[in-house]
Amino acid sequence: MIQILDKVFHLTNGKFSYAFYVKNGKLVHSYFGKALIVTERTLSNSAVAFGLKDNTGRDCECFEYSELGGGDYRVPAIVVRNGKCISTDFVYSSHEVLKTKPDFGMPALRNGGQTLKVSLRDDLLKLELYLYYTVFDNGLARRAELKNLGSDSVVIDRLMSACIEFPAHGYDIIDLNGRWGRECNVSRNPAGCGIKTFASGRGVTSHQHNPFVAVVDGDATEHFGDAFGMNLIYSGNFDIQCETDEKNRLRVNIGVNIAADGITLNGGCAFGSPEVAIVYSDEGIGGMSREFHKLYRKNLLNPKFADKRRPVVVNSWESMYFDLSEAKFLDFIEGAKGMGIDTIVLDDGWFGKRDSDNSSLGDWFIDKAKFPNGLKKIIDCCKKNGMDFGIWFEPEAINPESKLFKAHPDWALGVDGRERRQMRNQYVLDFSRAEVVDCIFKQMKAILDEYDISYVKWDMNRPLSDVISAEKYIKFVSGVYELYERLNKEYPDLIIEGCSSGGGRFDPAILYYSPFIWTSDDTDAYERAHIQYGTSLCYPLQTLSNHVSVCPNHQTGRTIPLCTRGAVASLGSLGYELNLGKLSEEEREEIRRQIAAYKADAELILTGDLYRLLNPFETGGKFCEEIVSPDKSRAYVVYLRGLNECNMPLPPLRLRGLDETAVYTVKEKNLTLTGGDLMYGGIDLDVYGKDFGSEILHIERIA
Ligand code: DGJ
């Protein structure tokens, strides 16, 4: 709901209130937090009268969209220069409520209703700034757009999607940081004094920082307290700056990280920021995650796939790497038959002369030395055995050792007169050029049209380098979205799994197109539990693609019981990363059971509410997640012990989110208890007594 009276704006979904008003021509932020009851009368008495703080005053404004050079000395949301001046003075000019959220040509939250558009003007620079706000059942979307009303060009150095002010309150800041094989570490730190930055300058989202930040009460826990989450719907360079000033007030600026030379905005043209999804919960960090999950399930993911179970796949990468042949692959398919696998995925190595990672990216035609019959024989074999077929591409990549590079050396990102830098023996294609995207689309189309392929794994294995301008970085990302759009349009039923050396591009914009993303190249269940825990802070479990792989694990050398590998992978979209035919009959039987059980529980896992009960980052590796059905009638719990400890009893596990007066059974323990017993008393665990033991519990309401 959007309430407006006399230039006081109150946005609410009944759970949060977000308020700002116009004072002396400036937009002043007044409140963000638990929903306030705001009546016409209180609104008419202005923001101050309905209990919201009047933040104006010398040198202490909390601006709705901060700018440079006007007496605000904290980080600005907008910086524009025209060659003579870098100081702006945007003054409120009008507002309107649009019936629906306008489409602005980038991935964004879907089905947005009423949208508040506030216009501000800098008459000297002849610029108009538009701020957009859309309220959703589970969050708020914001973005900004700048229009050059004059005829001379200006340069944009900064145009953040949102600037969000928090009062002096002693907040903590949570971010998700990492590296290859160790994505989404959860770090929580006091806001402190000064500026904390989480950013990517790699041209892609990056393993290093996720475009997410949370601001939580200093005493908030997983289950209690105010938690605010912000997640940029973008897949390129981003910037999140959290500045705490001398009065302890916190300002978060989140948006695109525009590189040094800025974006030139010619007369009459406009430039828009991507959208940021903002959520609030008074139920702690867990409540914030549940808001994100609902928001993304309802308003971000392609509705065609959103709450549908993703196919259970077996992927060839870890069992064959580049050592592929038709015979080996037929054998791989044979091994998967009768196991409950839905889709066989042929990973890297099937095209060009791709015998290692130093050639053929860009040459998307079948290597007949490995597959003399093309893909026909292997796809027929999948189909005969009731399975679908999926295939790997790395569309944005090119090896210098490829036909494509020989034909079009200028298609790789590069700086004239300087040798390009290789990473993983490859360059990145210049996706800012339409002809490059078109060529890759046509090559993919040729494969997808010739064969019965229902699934594509879209990988991206290196950051950008040798980029000549800020504009190029931005247009590159647009080119990526353009290819996604064309594929989605041409093949509406095609499922595209996102991937970037694991979770290097785990962001909401990719999720707009890809219903799930390969969470990490680290398939060790113990480490994966950490990665999945962190990823779930803002992304719903169904978007996490998790595979069971062999032991000793290829990344850590560790051996973990198969039951635990299956349990951890079940907390998301389950798949396998091993040659099922090479396992013992006992292991195959266990996997058959795992898949059948997962399929039976999938609806609950996909549509339930997540409660994180044990945080492996704080408990030396103990991990527990519970998923409760929306009607509280069922729950699915996975507990992972981590290292076994001598004489260390496990405390009773206290569940959450159940109906305290209802009666439930705990199937695996043959127990009948009330929701209250389960939540306040807890249940004793009997975790398989070895390192990395685990337990799965099914809770069902019976009365
Ligand atoms: C990185 C991905 O994360 C892996 O799963 C695999 O697809 C390789 N690339 C293939 O090169």
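Two strands count as paired if DSSP finds at least two bridges between them. I wrote this down before opening the structure, which is a predicted model, and then turned to the start of the chain.

**Entry 1: the sheet at the start**

I looked up strand 1 and strand 2 (residues 8–12), and found that four bridges join them and that they run antiparallel. One of the partners I noted is valine 8 in strand 2, which is the bridge partner of leucine 5. The two strands belong to an open sheet of four strands in the order 1-2-3-4, with antiparallel pairing. I then asked myself which strands form the edges of this sheet. They are strand 1 (2–5) and strand 4 (26–34), each of which pairs on one side only. Neighbouring strands here are turned against each other by 15° on average, with direction ignored. As a reminder to myself, strands of a sheet pair through backbone hydrogen bonds, either parallel or antiparallel.

**Entry 2: aromatic rings**

A search of the whole structure gave 37 aromatic pairs. I took up the rings of phenylalanine 9 and phenylalanine 20, whose centres are 4.9 Å apart and whose planes stand at 20°, so I entered the pair as stacked, since planes under 30 degrees apart count as stacked. Phenylalanine 9 lies in strand 2 and phenylalanine 20 in strand 3 (residues 16–23), so the pair ties together parts that are 11 residues apart in sequence.

**Entry 3: a sheet of three strands**

Further along the chain I looked up an open sheet of three strands in the order 5-10-19, in which the pairing is antiparallel. Its edge strands are strand 5 (78–81) and strand 19 (263–265), and each of these pairs on one side only. The twist from one strand to the next averages 35°. Strand 10 (residues 154–159) pairs with strand 19 in the antiparallel sense over three bridges, and in strand 19 I found isoleucine 263 as the bridge partner of isoleucine 156.

**Entry 4: around the ligand**

Which residues come nearest to the ligand? Of the 13 residues around it, I listed Asp347, Asp348, Lys457, Asp459 and Asp521 as the nearest. The shell divides into four nonpolar, three polar and six charged residues. I then checked single contacts: an N or O atom in the side chain of aspartate 347 is 2.7 Å from an oxygen atom of the ligand, and a polar side-chain atom of arginine 424 lies 2.9 Å from an oxygen atom of the ligand. For asparagine 461, an N or O atom of the side chain is 3.4 Å from a nitrogen atom of the ligand. Taken alone the ligand exposes 290 Å², and the protein buries 98% of that.

**Entry 5: backbone exceptions**

Most residues other than glycine have a negative phi, and most peptide bonds are trans. With this in mind I looked for exceptions, and found that the peptide bond from cysteine 551 to proline 552 is cis, with omega near -5°. Proline 552 sits in the loop between strand 30 (544–549) and helix 12 (562–569). Lysine 632 is not a glycine, yet its phi is positive at about 65°, and I located lysine 632 in the loop between strand 33 (623–628) and strand 34 (634–640).

**Entry 6: a hairpin**

Last, I followed strand 35 (residues 663–666) and strand 36 (residues 671–674), which pair in the antiparallel sense over four bridges. Valine 663 stands opposite threonine 674 in strand 36. The two strands form a hairpin with four residues between them, and in the turn asparagine 670 has a positive phi of about 55°.

Notes:
Residues are numbered from 1 along each chain as its sequence is written. This is a predicted model: local features need pLDDT of at least 70, side-chain atom pairs count only at pLDDT 80 or more; totals for chains, interfaces and linings use all residues. Side-chain values use heavy atoms; hydrogens and water are left out. Axes are lines fitted to C-alpha atoms, for helices over the stretch in contact, and angles run from 0 to 180 degrees between N-to-C directions. A residue is near a molecule or strand if one of its heavy atoms lies within 4 Å of it. A polar contact is a pair of N or O atoms within 3.5 Å; within protein, one must be able to donate a hydrogen and the other to accept it, and residues adjacent in sequence count only if both atoms are side-chain atoms. Accessible areas come from the Shrake-Rupley method with a 1.4 Å probe; for residues, only the protein chains shown count as cover. Ala, Val, Leu, Ile, Met, Phe, Trp, Tyr, Cys and Pro count as nonpolar, Asp, Glu, Lys and Arg as charged, and the others, Gly among them, as polar. Rings of Phe, Tyr and Trp (its six-membered ring) pair if their centres lie within 6.5 Å; planes under 30 degrees apart count as stacked, over 60 as edge-to-face and the rest as tilted.
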